[in-house]
Amino acid sequence: MLAIPTACPFCSCGCGFYLLAREGQLVGVAPSETHPVSEGRLCARGWSAHEAVLWGDRLRQPLLQRNGKQESVSWDEALDHVVGRLKQLMNAGKPVGVLGSSRATNEENYLAGRLARAGLQTNNVDFSYHPICRPLLAGLEEVCGKHAPSIHLNDIASSQVILLTEGNLAETHPRAASSVLKAVEKGAHLISVGYRKTQMARLASLHLQATPGNEGEVINGLLAAVLDLGLQDRTLVPIGYDALRRGLETVKKTEEVRQAAEWIARAERAAFLIAPSCGQGDQSRKDAAAFAKLAAITGHLDRSGSGLLPLLARSNVRGACDMGVVPDRLPGYDPLNDARSRQRVQDLWDNKLPPAPGLSAENLLEAVSGLIVVADDPPSVVPMGQRAMAAMERIEFLVVLDAFITPTARIAHALLPITSFAETEGTLTNMEGRVQRLRVVTDPPGGARPGWQVLAELCGRFDAAASFNSVSDVIREIGQAAPGYARMEQRLSEDGWGGVLLEDLDRAKFVVYPTGVTAMAALTSAERPYLLAREGAFDWSHDPLVSFSPTLSRDYRSERKLFPNGFVEIGKGDADALNLSGGRQVRLTSVHGESVVPVRVRTDFKPGLLFVPYVFRDRVSNVLGADGVTTVRVERI
Amino acid sequence: MAFAIEKKAVTKWLEKLLESGEIVAPVRTPCGDVLFSTIRSAEQVVWDFPNPLHPPKEFVLPQTDPLVKIRRNGQHHEVEPIHDGTRRFLFNARSCDAKGIAFLTRMHEMEPADASYLRRSDNLTVISLACATPCPLGFCICTDSGPFLSDSYDAQLTDLGESYLVEVGSAKGEAVVSEAQSLFRTATEDEVSQRKKLEEEARHYFGEETCHFASAMRRISTGRVPDTLWEKMGDWCLECGGCNLICPTCYCFSVKDLGRDGTWIRCRLRDSCQYAAFTLEASGHNPRAQRKDRMKRRFFHKVSAQYYKRDGAVGCVGCGRCIKVCLGTTHMPAIVGAIRKGKWHE
């Protein structure tokens, strides 16, 4: 039996385990006590990580669509065709683009970015989870600079205070939830901000009730209460401090908020955990900024043992950002218009970069004629899934590189089979900024090739300067393009588990100017008295790593079987008032339109709210439009 | 009957056994963990180690366990059992793990007997290494499964400094000694009494983890654990299933076919009764939809008098793995303690 140490491919906690293989086939997972994040613990997803690789619908041969059917072809034929068709489109002046992926490795993402920018001469490069986490990352960046000083997952366990704005931490990031539990067990004050009494909220010392899209209001209350306490001597005065003070003078503070603020301000070690919210983009950005300001002015961003963690869904969101798979960023997450970084990348690639930022994922899908999708299924990830699928169906030439047969792979004009996480070398960067190795455990099925190899080949065919013979070549070049990743290979091999924590090379001074809050709840009216919110920011049930795993897909599947038309959740009080029982259909009407959908009755949130789980968001897309929260009328039918 | 083998002769013994089968033993990985693994050479085996987190039950009841091959043949299907008949020697299993395997074997021998499991366990020789120093989180002293064993092993080794005392507990144990007879000698009386002394001493070295099963058993078996307590405890579980997956005595599974090109391999997959969908029925009904119900079920199975009577032991060998692996805080000693005291985190 082989036991190969590797990084977990699911969420961005970045656990590690041994993949077990017998006779060339994966058979299971063994935990590691020495892994710096896991310390012997894994969540249900980690324990079943081998299953999707084994049970998944795997791509084995390159396929080209001919006469409405995907037919097997040789690698040479497939690559020739892909290059030929893309060049044709480019010569005709049609827009093309590339989608990297937060489930692809750093090396795959880096090459996807290079292929787009140097090969296809476009900045139309993004990844499908980016629209969801972009406001959160932008808000944090406003205050902290490129990356907020992060707390290590294991340090959370010894925090005295934890402030958590969550979707549902126990489900989204069980490893982070584990540290929170250990801290609470030792007596830490957990302050949860949210609209639902989740498992974490039930264990919290204080649960600060928010309405969907309005978490920022609570955070601003906390900020104001902390400012009342005065700056603790332990922090440098951040830029904009006085303006912030003045801006928040009139904010009302409840007793609970004052108590929470006191805990936060007086704690030696505090952890700030923030999940992407369902609010409108701009409001989410402001909320995230307010959250970071709170951490900054209480001195928790410049002391060890304290810090902030954005709760990103997939394993390599941070990596995809760092590799510059973002329309307006270069490798190193540097802005596209930053002259020094631009020069660095241009010199390295020996190629002039297109100047204007490209289109973001949602717009890119709508606009391009030719698209390369690397290891992703955008409709299952982006907020408007059906619209993304319809857009992709209209694309003239769609190339998909994936290990699994996903809905996107099924409509591809060219399908290039690549390795799964268990069959490739490469690295992932978790939400702490920890770079970890993936290792080859088994051979890929059929003729599948390592993703980096296929992308390197494509890069070479468009761009003569690109030449990569091994994954090490790619890692070395990443080190030149993104300074934080310099000498990565040597640094990785020094550690048994191969983990390297990235350091923030250019730490900025914190900026805390005030920003306003739009109260969503205030927008409800007699005509539309309810708030409908899209809940959650990611749908694991459609991720191939879950959907192909017999153990992990069970409960999701049964939920979809029981509710083939999806559902929205309604509070018990509201359900009684409207004479609704579970399964009953309601008509929801908003400014955007209407939808008919069954309800599920819940008791863990306040009246006036309705939630649609992320997986069923398309069932109410007429009502939500492009919004994450909207006011609605509810009628029993 | 007890034998002794000089430490310097152990390599030869292992080499001899490698000629007739596979040796599974604790091996140190480059990352610093110790894992039970098949070895290629005697030097790989570690002799001084805390009990590996991943239990050796993997070699009798693997996480993915192919049971039968199903092949389409015209209008019919041919079904062919898959038996793993490899002769295996499990070296340096700690006492708790030897007890765990004996527990699993008793369970799988019950009618209807599990041929796939039994083929593996019949071919497995368990050579345990008695624990002169108990592991920091172990509480085998509370479950009668260590630190030294008087049964459940084929051969039990005790480290006597220059040599190992080898106690033989079965015909399979006798065979591993007789196959390399020249390396062994009969143990002296002094060596046997040294072993007894080590066992006595080991009992004094236990850490703080204890598990008072008797009182918890009385309460669980007579339904005297309030629902509110289960509910409270349920909030501290993150449903990772780790407790089940690494437990030396857990054997719950689900079944899934792995199909390709007209052939299917029916596999038994290790499963967890703590997963919400474990008991989900086809109708959509779930008799244990809430976490408190699943937790109650787990501890009823592990600790109730009903199962104690059937299995002759609690469903726990005190290895302490669930303490390390639990993503929440609901491991065996914590729950048993809470049930005994009737309170949780108060």
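**Figure 1. Helix α10 of chain A is largely enclosed by the rest of the structure, since 13 of its 15 residues are buried.** In this predicted model, the helix runs over residues 215–229 of chain A. From first C-alpha to last, α10(A) reaches 22 Å, close to the 21 Å expected at 1.5 Å a residue. Look just past the end of the helix and you will find A:G230, which takes a positive phi of about 85°.

**Figure 2. Chain A as a whole is the setting for that helix, with 26 helices and 26 strands.** The radius of gyration is 24 Å, close to the 26 Å that the globule rule gives for 637 residues, so chain A is as compact as a globular protein of that length. Along the principal axes, the C-alpha atoms of chain A fill a box of roughly 70 × 60 × 55 Å. Burial is assigned to 61% of the 637 residues of chain A. If you are thinking about contact maps, note that among contacts in chain A with a separation of 6 or more, 74% come from residues 24 or more positions apart.

**Figure 3. Helices α6 and α12 of chain B cross at roughly 65°, and their axes come within 8 Å.** Angles of 65 to 115 degrees count as roughly perpendicular, and that makes α6(B) roughly perpendicular to α12(B). The crossing of α6(B) past α12(B) is left-handed. Helix α6 covers residues 213–221 of chain B, and helix α12 covers residues 332–341. Which residues meet here? On the α6(B) side they are B:F213, B:S215, B:A216, B:R219 and B:I220, and they meet B:V336, B:I339 and B:R340 in α12(B).

**Figure 4. Strand β13 of chain A, residues 329–330, holds A:R329.** Is A:R329 buried or exposed? A:R329 is buried, as 24 other C-beta atoms lie within 10 Å, and 20 or more are needed for that label. Leaving aside residues up to four places away in sequence, A:R329 touches A:G324, A:D334, A:P335 and A:L336. For a sense of scale, pick out A:A403 as well: the C-alpha atoms of A:R329 and A:A403 are separated by 27 Å, with their positions 74 residues apart along the chain.

**Figure 5. A:Y333 and A:E39 are worth a look for their backbone angles.** Most residues other than glycine have a negative phi. A:Y333, in contrast, has a positive phi near 65°. A:Y333 sits in the loop between β13 and β14 of chain A, where β14 is residues 334–335, and it counts as buried with 20 C-beta neighbours inside 10 Å. A:E39 is not a glycine either, and its phi is positive at about 50°. The loop that carries A:E39 runs between β3 (25–31) and α1 (44–47) of chain A. A:E39 is also buried, with 21 other C-beta atoms within 10 Å.

**Figure 6. Cis peptide bonds lead into B:P112 and B:P147.** Most peptide bonds are trans. The bond joining B:E111 and B:P112 is cis, with omega about -5°. B:P112 belongs to the loop between α2 (95–109) and α3 (115–122) of chain B. Going from B:G146 to B:P147, the peptide bond is cis too, and omega is near 5°. The place to find B:P147 is the loop between β7 (124–129) and β8 (155–159) of chain B.

Notes:
Residues are numbered from 1 along each chain as its sequence is written. Chains are lettered from A and ligands numbered from 1 in the order in which they are written. This is a predicted model: local features need pLDDT of at least 70, side-chain atom pairs count only at pLDDT 80 or more; totals for chains, interfaces and linings use all residues. Helices (H or I, at least four residues) and strands (E, at least two) are DSSP runs, numbered from the N terminus. The radius of gyration is taken over C-alpha atoms; the globule rule is 2.2 Å times the number of residues to the power 0.38. A residue is buried if 20 or more other C-beta atoms lie within 10 Å of its own, exposed if 12 or fewer, and partly exposed in between; C-beta atoms are placed from the backbone. Two residues are in contact if their C-beta atoms, placed from the backbone, lie within 7 Å. The expected span of a helix is 1.5 Å times one less than its number of residues. Axes are lines fitted to C-alpha atoms, for helices over the stretch in contact, and angles run from 0 to 180 degrees between N-to-C directions. Angles under 35 degrees count as roughly parallel, over 145 as roughly antiparallel, 65 to 115 as roughly perpendicular and the rest as oblique. A crossing is left-handed if the near helix is turned anticlockwise from the far one by less than a right angle, and right-handed if clockwise.
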